[in-house]
Structure formats: structure tokens, C-alpha cells
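Me: Please take a close look at the helix packing within one chain of this assembly. I would also like to know how that chain stands relative to its neighbours.

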Amino acid sequence: MSNQQVVQVIIFGIAAALIIFGGIRVVTAQNIVRAALYLVLTLAATAGLFVLLLAEFIAAVQILIYVGAVVVILLFGIMLTRAPIGLTPDLDNESARIWGLVAGLVFLGVVTFVLWRHFASVPALELSAPDSGANEALGRSLLVDWVAPFEAVSMVLLSALIGALAMARKD
Amino acid sequence: MVGALASSVSVASSALLGAAEAAAEHGEHAAAVLNGPNSTLKLGWLVVALPFVGWLLTLFFGKRSPMRGAIYGVTALGAGLLISIAMFFQVAGGAAPYHQKFYTFDIGGYEVSTGFSFDSFTVMMFAVVTLISFLVHIYSLAYMKDEVRFTFFYATLSLFTGSMLLMVASDNLLQMFVGWELVGVCSYLLIGHYWEEKPNSSAAIKAFITTRIGDVGMMFGIFVLFFAAGTFDIGGINGLAASGGIKHGILLAGATLLFIGVIGKSAQFPLHVWLPDAMAGPTPVSALIHAATMVVAGIYLVARNFDVFRTAFALGPGGPANVVMIIGTITMLIAALLAMVQDDIKKVLAYSTVSQLGYMVAALGVGAWTAAVFHLFTHAMFKALLFLGSGSVIHAVHSNNMSDMGGLRKEMPVTFWTFLIGSAALAGVPGLAGFFSKDEILHFAFHNHYYAVFGVGLLTAALTALYMTRCVSLTFFGEFRGHGHPHESPRLMTVPLVVLAVLSVTVGSLNFWGMKGFGVWIAYAGEQHVAEFDVVAMLAGTAAGAIGILLGLWIYYWKKAPQGLLDRVAPFRWAHTLLMNKYYLDDLYIKGIVRPVQYSLSKVAYWINQKIIDGVVNGVGVMTRKALAEATYWLDQTVVDGFVNDVANEAGEAGGALRRIQTGKAQQYVAVAVVATAVLVIAVVWAVR
Amino acid sequence: MSAIETWALTLAVFLPAAGTLAILLVPKKQESAAKVTALIATGLALLAGIFIALRFDYSNSSSLQFETNVPWISAIGARYHIALDGISLPLVLLSLLVTFLCVIYSWKHFPEPHNPRVFLALVLLLETGMTGTFVAFDLILFFVFWELVLLPMYFLIGVWGGPNREYAAIKFFLYTLFGSAFMLIAFLAMYWKAGTFDIVELSLNNPGFAKSTALLVFGGLFLGFAIKVPMFPFHTWLPDAHTEAPTVGSVLLAAVLLKMGTYGFVRIALPVLPEAARSWAPWIGLLAVIGIIYASLCCFAQKDLKRLIAFSSVGHMGFVMLGIATLTPVGINAAIFGMVAHGLITGMLFFLTGSIHERYHTREIAELGGGMLKKLPILASLLAFISFASLGLPALAGFPGEFMSMLSAYNPAPGLSTGTFRTFMVVAGVGTVLVAGYFLWMLQRVNLGTVPERWESTEMHDVNGYEYAAWIPLILLTFICGVYPQIILGVTDGAVRGVTAAFGG
Amino acid sequence: MRLMSILMLSAALFSIGIYGVLVRRNAVLVLMSIELMLNAVNINLIGFGTWLRDTAFVNAQAFVLFVIAIAAAEVGIGIAIVLAIYRNKASIAVDEVDSMKW
């Protein structure tokens, strides 16, 4: 393997490790706020991964929306429901933990089995520099090939906005 | 159908038009009508058509027309008689037979045609039928004057004459059969004229059914001959029969079957029972139908198809004994015996007719065609005379029974003398009509070596003379035993009697020995025959007649015979009761066949129908309604319904159990969903493997 | 052919159905309007029939004319195939004529309960069913018309019938239905084997059934048709149906419905399964002949005049079936002639019984007591005339049919044993004597004799105008068909030759 | 760099999300786990997009944008619902909010 590929693998390894560790911490942290922070870590690492996979615009959007907006709303949620700052022991549903683990592992096993059967033979890829017009192409395809879903998503966002407002009002 | 009607009307009208033109054409050179060789024969169809027209007119307009509708019948028959006489003279002059075809039609592969054929024999029959019918029409004017349904009587009389002429003139067996049956119906209508009393209508039914039985036999005979010869045409069949074209077995079957028809219609031995009962009809009817015309239809049928019978039964000199001869002889004898013991004057004459018909059949049986036909001719004359005579006596005395008569010769001279002449002719007194024709038959019987027939013939001749003398003496001699005072019948009745009397005297000489007379004019297929003088037959016949007359006078006129003969001598008493019960034949038929079919057999058949066949059907109905229905109902209630109910509450429990999994915990749902998806993916992957 | 000709037949068949609808639209109380509509409907149908008869090409009566062949249920290949040939024409005209006369006859007096609107509607529906059966050349269409007839007749008997009319109506309905079920199975068997429902095609190239299956299929057809004819063991529904049916109902039942069975034999059973027909023929002949004798004996035992005539029509149909059983052109000509003649004569007989019933209010012969010739001279003389026609007097319509069927029985189609058929002929001959017997005996008890005192006083009107109008055509036709049988034979002969060609006819 | 590793990464992250959803009692945390699952999906999409560079690269990215947009809307609604529940029941433990049971 050319050394450039080695570098890419190393960077991928770091990003993957961060993602997995953040993820695990999010679901196991006994402190809600800390869980939120670990979530930020996972999302940022994913953005890095996207950059590695030549999807800079997506990485930027990831950072902007996920980390910028989604986590903020979550924090608001945590603040408004007066969640205790310190350790809150009963965050997990002990009895369900085993089921959760089993379900997760079963799912993981099945998916890996399937992926292993079908995609193992895919050759390694030497990630070269992203071609210049990628984003321009993305913009055009959004408004040409995917114009219907694009409009639909705008409608969904609008209705979500109104819905959230309607539910969250006091009276 | 109506379209076919339109086309058929056109065809029928063209036929009529054709005939009309023929008539018109004849009209143009009317003068040529008589002297054309067989021109009058061309008018033959008119003779047949006139009575039918008369019938329709009388039926529909009778009540409102003169003589209460009789006018049409009389004129129709008068015209017919004139034409027939003209035709008779032409035929005597040797005119060739005339054949006339009307329409032919196709019944599935076979040609069937209707038409007339006028030859010497037909013309002779025409002459006889129209003459007697005309005289009867005149006679009935007086006889039926105050009777009920006068117009209907005349209508049926014309219909009868028309059908008889139609039958006589037809050139094929099918048309003859049609005429044959129509004549049967007319006899039913006329016998049952006084249908108020039940015996009269029963007599009519008896006549129709008995002749119908004969007709069925005849129909089968026609089938046999039709399929053997491929056509109904009489000429064709007889030609083929004579030339040996039809196998003997088939011909024999055909002839015998035809003869069954003759037995029925001409009242021969087994089926003769209807003729005496037919006397229930008015006397003119008996005179016309049951003496001169209808009953001789059978003789006509055999004579017309003589070749068939001749080849079938090998008739002629030295031939074997055949059914025709046997039946004729038996009938001849038993009828003569029965006539001896009758009290009703018409019954005497009826049995005498049966006996004379037996004579003619026997004559045909021995192969004497001319003799039989001549006897038919003469018999028609004097038997009609006798019946009309008896009619005038009954009209005067208002009773049929000779016990209420006696000594009528003073009050009814004309009737007496004419009746005497008729009886003499019948008895075979030399010189009169009966003598010559009977002598001819005896001669042939003897000549053709049928000695049995000859012997019985002589015996019957004697018996005939005997019962006729008895009848005459009981009716006209001795004191008047009835009540009231009889007087001579009006001229309308006596004139026909006189005419017939004259004919009975003169007609015999037509076939005088050695003279080119009747035998020459009327001959079967050209076999002309001149009567030869046969001293044996003549002497024997005359002797028999004389013995009969003397014996009759001795018993009934001079009343010299020892009285009480019957009750003393056992065999006489015995014979008397046997004769009185008409050989128990009537009872045999009534009890043996009619009553069982009419009552018991039909009850059984109807019982089978109602109880067994309908029973089965109703059984099936009941079974389906009861057994099956109950069974299905039980099945439905317990089994099917049970199952349904179980299923229902099973579902209920199951529903209850399932309800618990709705814990409300969203996470559990997701867990189940995830596991389920995993299992599904495994299944798909494993299946795709 | 011009447009009118193609649609004339459909018009003749479905005009009465249109009439039914028209009548039902007429408000209930305007009875005369309903009667007029019925008269117009049947009248026009009859006119269409006459138009067809006039335009019918008699020279080749075996070919189908006025044909309409339009796809109908394409899924199973059933087509609306109606046409007319020598065999169907007389029967169609008969049914059109008789229904028209029925409407005229029942102008003044409708049976209880008094509802002329529905009564006439049912009669018209019946007419469509009847006429349709005779012209249908597709098995399914034939079956539809065959069943269509059952319903109106069921109601005619069930609603306007005599005392136990429900029993008779149900029996009639179920019995015929039972038969037609087997018939349908046979039709389907033919369809599976030959792939088509079209009768013409089936007759041309017969479905190649194996010997035994052909017999079975013919058995199914036989059962369906024999019940309708009715033949000997399956006839018990007829007397009940007739005793309970109203006059018009039993006239139509006798004059036309019975002919659907025999027509079925001639049109479907014989041409499509000639081999099976040949082996079934002696049995059909046997049943027919038993039917003749059996029915005549039952007639002797009848007390009710109408039931007597019902049994007599079983006997007459025996003659028709004997004609068919011989499988010869003469025989089948005789059968069709017999059908038409029986239609005219027995139709007229039931009219007369209806009129007698309407005047005497009873049909028991003993109750009538005789002397009708004195009481109702014209009616009685018509009864005598028609009875003589019925017992087969030559020169009247009854004779040719019976004569030719016995004639054909004397020498049946090649392959059939002449011995058995000649015995059938003889038995049938004896049958004619029995027929003459019970008819004359009936006439003696009804017409002749003196008027019993119980009827002395009751005032009765003789034949009225409507009855004349209804009866004159029948009487004239009875006379014409008897004197000039070519009027029917000419039409049917060509077509019959076609049918019997398969039997070496 | 092999596609397989990226896919394994997203699968793992997805399983972790499942674990979180099933185990966590706090509604907000459940939302967070759902965010994890969505991210796993995005990784997967971009991974495939990059490996099918010439055909589906742009489509994958468009798809990821849509997922992100939907995720944002979903969190907004989620939190609004959580607040509404919190207002009524003063507790947002998922297993207590079970009034929807039989």
C-alpha cells in the first residue's frame, strides 16, 4: 500500500475510534449533560470521517446542523425538563439492559454477517483529492434530480416547526 | 306456418282453378261433355266435392235455408246421381279409366300424392252410393220431419256420402284410409243421433271403437305394402304384387292386415258385434250406411286390391283354404242363425246384412271377383229397400219390435208389396236380383272346388229364406198386435220404396247367363267375365230357397208347426238361449276387454301413477324436506354452529392473551421490532442461500 | 341480408320482454292500458314472426337464416347466436301465435286474484323464454332461455292456480330444474371436449367422446329433456301442474313448453351425439310407447276433465318421441308435425276446459253430468270437433303426426332393430284405439245425454266474442294442417334431412 | 482504505444506537441514541457514495442532506413532545409514559 493509503487508514482509525467511544459513552453515561457532550464528540468525529471520504460539504453541514442545532435543542430539552446536573442513577432501565444488549448484538451480528458475505470483496480504494466541481454538481442534482424530495423536505421542516411551537406553548 | 299457409293456399287454389278451368273448358264445349269418350269421368271429382259443399252449407246455413237445410243435401246428391249415371253409361260403353292427380307432398324422403282414379268399378260404386244416398235423402225428408236436430242429420248425411265417395274414388291407400276413417266418424255421428238416451251413444261408441280396431290393423297393412312397394298408389302396389315384385311373406302379412280392416268395417265374424247395435240410429241411416254403402267398404277394399289378395292367398280354382274365405263362411252362417231369433225387425235385417256380407267375402275368398261385386251391387238395392220398408213400418207403428206389428198388409199395401219383393230378392227367388248374384257365387264356389263354401252357402240361402219369410209373416200377416192404428207412409217415403223395388227386380238380369252384361262392364283389370249357366248351382240354390220359404210359411204363416217345440227338445232350447245371447260374444268383449280397460286396468295404472311414481317423487320431496332437512339442520346446529362458536371464543381468549403484550412501553415494541427484523433478515438470507 | 332481416328475429324474441317492462310501468289501476300493451307487444311479435315466415327461403330450409351471431360472454366463448331453420320456424310461429291468442282470450276474465298487469307481464316474459329457446343456437343461451321459462310459469301456477297450487308449482319448478341440472352438466362436458358452445359447430364436428362417456353425456341430455317432454317415468309433474294452472297458463304449458323438450332432442341431442343417440333410441322408443299406453289407461281413470287432457297430452308426446326415436326423416318430420299439431289441439282443448270451468265452476266430469250439447251447443260441438282432432281423425291435424310416426316406426334408421320398433308400432296402434276410447267416453259423459236438473236452471252464455277471436285461428289451422299437411312438412323436411343425415336417413 | 471498515463502523454505531434506545429511560437520551443511529446511516451512505465515485457520489450526498434535515426536524418535534409530557407528568421516563396500554 502506498504511504498515502497508510495515512488515510490511520486517520480513519482515529475517527472510527472516536466515533465508537463517543457512541458508547452517550448510551452509558450516567450524567445526561455528559451524554450530550459525548454526542457532540461522536458527531464531530463523523464530520472528520466525511472530510476523509472527500465529502467536505457534508462534513460542514454535519458540523453546522448536527452539532450546531440538534445538540443545542437537546441541551435545551435537558434544561427545560430540569434534569439533575449530577449523577442520576436510574437513567437506565436495568431489566431492559440485557434485552438492549442482546438486541444490539443480534442486530450487529446479522448485519455484519450480511455485509461480510457481500461486501468483503470490494477492493481497497485510494482516496484521491476530491474533484473540484463536486459541490456544484451536488447543488445542481439537488435542484434537478431530487427536486421533489427537496420540496417535500421543506414542507416537513415547516410542519415540524409549527407542530413544535403548537405543542410547546404553555396554555 | 302462415307463410307456408299462403303458399299452400296458392297451390290449393291453383288446383281448384285448374279443375274449374277444366270444368269451364268443359263448359265451353258443353255439348262435347257427353259424347267425349270418358269426358264425364273428368267430372268425377265434382261428384265427390258436391256432398262436401252440401255439408258445409247445411252446417252453417242449414237452419235458415229452405227445407231446414235438406235442400243442399238433396240437390248435391241429385246432381251427383245424374253425373254418376252418365258415367255408368259411358263406362258400360267401354270408356277408358281416367286418372286425376291433385297435389303431391313429401314426407321425409317418400312421395305421397292425392288423386282420384275413375274406372268401371269406381263408377259402379259411385252409381250405387249416390243412388241409395239420394233415395235416403228423399225418404228422410218425411221420416225425420219431426225429429230433433233435422239439419245436423242432413249435414252429417252429406258428409258421409262425400267421405264414402272420396274413399271409393281415391287412387292410393292413404287417401282411401282417410275416407275410411271419415266414414267411420260419420257412422258414429249418425248412429248416435238420438244421443239423449245413453244406449244410443254407447252403440255409437261401440261402432266407432270396433271399426277403429279394424282400422289399426288396416293401417299396419298399408305400412307393410307401402314399404314393400315404395308408394301408396293402389295401381302401383297391385301391379308389383301381380308381377311378383313383393316377397310372398310380406304380401301375405300385408293382405292379412288389410283384411283385419275389412273384418272391422264390414262387420265380419269377430268384429261384427257393432252392426246390430248400430240399429240404434235412425232407419234411413241404417238403410244407407249399414246396408248399402259403408259396410261394403271392406268388400270394396279387397276388390280394389284384388291382385294383392289373389297373389297373397293364391285365390282361384283349386286354391288352398284362406282366411278370407273362412271368415266369410263363418260370418255367413252365424249371422243367419242369429237373424232367426230377433224380435226387432231392424236387428233381423242387420244380421241379414252381416250374413250377406259374409257371402261377398266368401265369394272373394274363392276368387270370384265379379260374383262378389255383382252381389254387392244387387244386395245394396234390395237391402236398402228392406230397411226403408221396415222404416216406414216403424214410422207407422212407432215400435221396432215385430211383436207389436202384424196384419199390416191391409193398411200399408205399397210398403207390403215392396217389402215382399225385397225379401223375395234376398231369399233368392228366381228371376229377382238376389237369385242371379247368389247363384253366381254358388257356381264359383262349386266350380273352384270349395265344396265347404258351397255347402254352407246353400244352408245360409235356406236360412235366409226362412228368416225373411218369418219376418214378412210376423209383420204383414196375422192380426195387428200393436196399439194405435197404423196407416200408409206418406208418398215421400213410398216413392223410394217403389224405385228400389223396380230395381231389385230388373237389376238381376244385368248379369244374365251368357249375356255381355255386368261382368263385362265391371271387370277387374280387364278380366271380363260372362256368367255361364251352371245347372247344379242354379237348381241347388233355388231348392234351398224354396225349402226355406216353405219351412217359414209352415211355422209362421200356417202356424202348423208343433208349438212348444223349443222347451221340449233340449238341443233346440239350448241353441235358442245360445242364439239369444249372441254366442255370449258381446259379454266376452264387454267383460273381457272393455270393462277391464275402462275401469280396473285404468284404476291400477292410475294407482301406480299416483302411489308409485308420484310416490317416489313425493318421497324424494318428503325425504329432502324431512330426513335430509333434519339431518342438515342438526349438522348445521351442532357441528357447524358449534365450530363457529368455539372459534369465536377462542379468538376472544387469544385476543385477551395478546392484549398483555401492549405494555405501553415503547421500548419493548422497538425491541420486538428489532428482533423481528433480525429474524426476517436471517430467514431471507438463508432462503436466498 | 338487409338490416331488418338480421334483427327481425331478435325483435320477435325480445319484443315481449320489452312489453313486460312496459306493462310494469303502467300504473296499477289502469288495467285496460296494461291489456292493450300486452296485446300490442304480442301482436308485434307475431307480426315479426309472420314477416320472418314470408321472407323465409323455403327452398333451403336446412340452412340457418335470419342469423345473428354476436359475442356475448367472451370469457367462455358463449355467443349470442340465434337463427332460424326449417325445424325452429313452425315452433316459433306456434309460440308467438298461441301467446297472442292467450292475451285475447283472457281479455275479459282473469283468474283470481285479479291482477291483470302482473299476470300479462309474466305471460310476456314466458313468451320471450319460449321463443328464445327455439331460436338459440348456443348452449348457454339455450340454457338461459330454458330456465327463463320456469320462473313465470312457476308464478302463474303458484299465484293464480287452483286449490293446492303451491305443491304443483314447486313440484313443476324443482322437477324441471332437477332435469336441467343434468342437462347443464352435459352441456359443460360437451364444452370441455369440443371447446365451443355453438350448436352448429358441435353438430358439424361432434365432440369426440369415448363410447361410454358419450352415453353418459347423452344420458344427462336425455334426463333434462325427458322431464320436460314429459316422458313416461318423469311425467308426474304435468297432471298436477295442469290441474292447478290457470287456463292461459296450462294452454301455454301444453302448447309450447312441452315442445322445448322434444325440440331439445331434435336440435341438440341427436345431431351432436349420433352414436349415443343410436344406442339410446330403443330405450327412448320403449319409454315413449309405454307412455302412450300408460297415459291412455290413466285417462280412463280420471274424474277431472283437465287432468284427463293433461294425461292425454302425455300420450300424444309419446307419439312424438316414438317418431324421434326412429331417427328417420319420416319419424322426425312426424315428430315436428306432431308437436305443432299437439300445440294447436291441446291448446284449444285447454281453452275449452277453461271456458267450461268458467261457466260450470267445476271440472269434475260426473259433476258436469252431460247434456252440454243442449246447454252450450257451440262450445260442446267445438269440444267434439277438437276431441276428434285429438284422437287422430284423418283430415284433422292429429292424424298426420301419429300416422307418420307409426309409419317410421315400421322401418327405423339402419342400425336399429326393426323387430323392436315394429312391436312399438303395434303397441302405438293399440294406443290409438285406447285414445279413441277415452275421448269418446269423455264426450259421452260431458256432451251427450240429458242436462241434469242441477244445471237446468243456471243460465250460461255460449261462446262469447273474445273466445271466438282466440279460437277461430286454432280451429282453422287444425283443419288446414289436417287437409294439407304440406304446410308444415314442406318447411321441416329440408332441415330434418340435415339432422338425420348422420343416421343414414 | 476498505469499504468494509466503513460499513462495520456504521453497523457498530447503529447497534450502539439500538442499545441506547432500548435501555435509556430518559426520553432525551433516547432521542440522542436515535441521532446516533441516523449518523450511522449517513456514514454508510457517504461510504457507498465515495466507493461508487462516478455514479452515485452526488446522489449519496444529496441523500445525506435529506437525512440530516429530517433528523433536525425530528429532534425539534421530539423535544417539543418531551416538554409537553414533562408538563403533564413531571417525568419523562419512557417506561412510565405507558398510559397507552390496554
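Reply: The following account treats the helix pairs of chain C and then the relations between chains. The model is a predicted one.

Two packed helices are described by the angle between their axes and the distance between the axes. In chain C, helix α3 (residues 88-105) and helix α11 (residues 247-272) have axes that come within 9 Å and cross at roughly 170°. Angles over 145 degrees count as roughly antiparallel, and α3(C) and α11(C) are therefore roughly antiparallel to each other. On the α3(C) side, the residues that meet α11(C) are L91(C), L94(C), S95(C), V98(C), T99(C), C102(C) and Y105(C). Their counterparts in α11(C) are V248(C), V251(C), L252(C), A255(C), V256(C), K259(C) and Y263(C). By residue class, the contact of α3(C) with α11(C) comprises 11 nonpolar, 2 polar and 1 charged.

A second pair in chain C is formed by helix α5 (residues 139-148) and helix α7 (residues 165-194), which pack at an angle of about 170° with their axes 11 Å apart. The helices α5(C) and α7(C) are therefore also roughly antiparallel to each other. From α5(C), the contact draws on L139(C), F143(C), W146(C) and E147(C), while α7(C) supplies S180(C), L184(C), F187(C) and M190(C). The residues of this contact of α5(C) with α7(C) fall into 6 nonpolar, 1 polar and 1 charged.

As to the surroundings of chain C, no contact joins chain C to chain A, and the closest C-alpha atoms of the two lie 44 Å apart. Chain C does not touch chain D either; the nearest C-alpha atoms of chains C and D are 49 Å apart.

Elsewhere in the assembly, there are 4 pairs of chains in contact, of which chains A and D share the most contacts. Between chain B and chain D, 10 residues of chain B are in contact with 10 residues of chain D. Helix α28 (residues 666-688) of chain B provides 5 residues, the largest share of the side of chain B that touches chain D. That side of chain B consists of 4 nonpolar, 4 polar and 2 charged residues.

Chain A, finally, is divided into domain 1 (3-93) and domain 2 (131-171). The C-alpha centres of domain 1 of chain A and domain 2 of chain A lie 23 Å apart.

Conventions: Residues numbered from 1 in each chain as written. Chains lettered and ligands numbered in written order. Predicted model: local features only at pLDDT ≥ 70, side-chain atom pairs only at ≥ 80, totals over all residues. Contact = placed C-beta atoms within 7 Å. Helix = DSSP H or I, 4+ residues; strand = E, 2+ residues; numbered from the N terminus. Nonpolar A, V, L, I, M, F, W, Y, C, P; charged D, E, K, R; others polar. Axes fitted to C-alpha atoms, helices over the stretch in contact; angles between N-to-C directions. Parallel < 35°, antiparallel > 145°, perpendicular 65-115°, else oblique. Domains from an automatic or database assignment.
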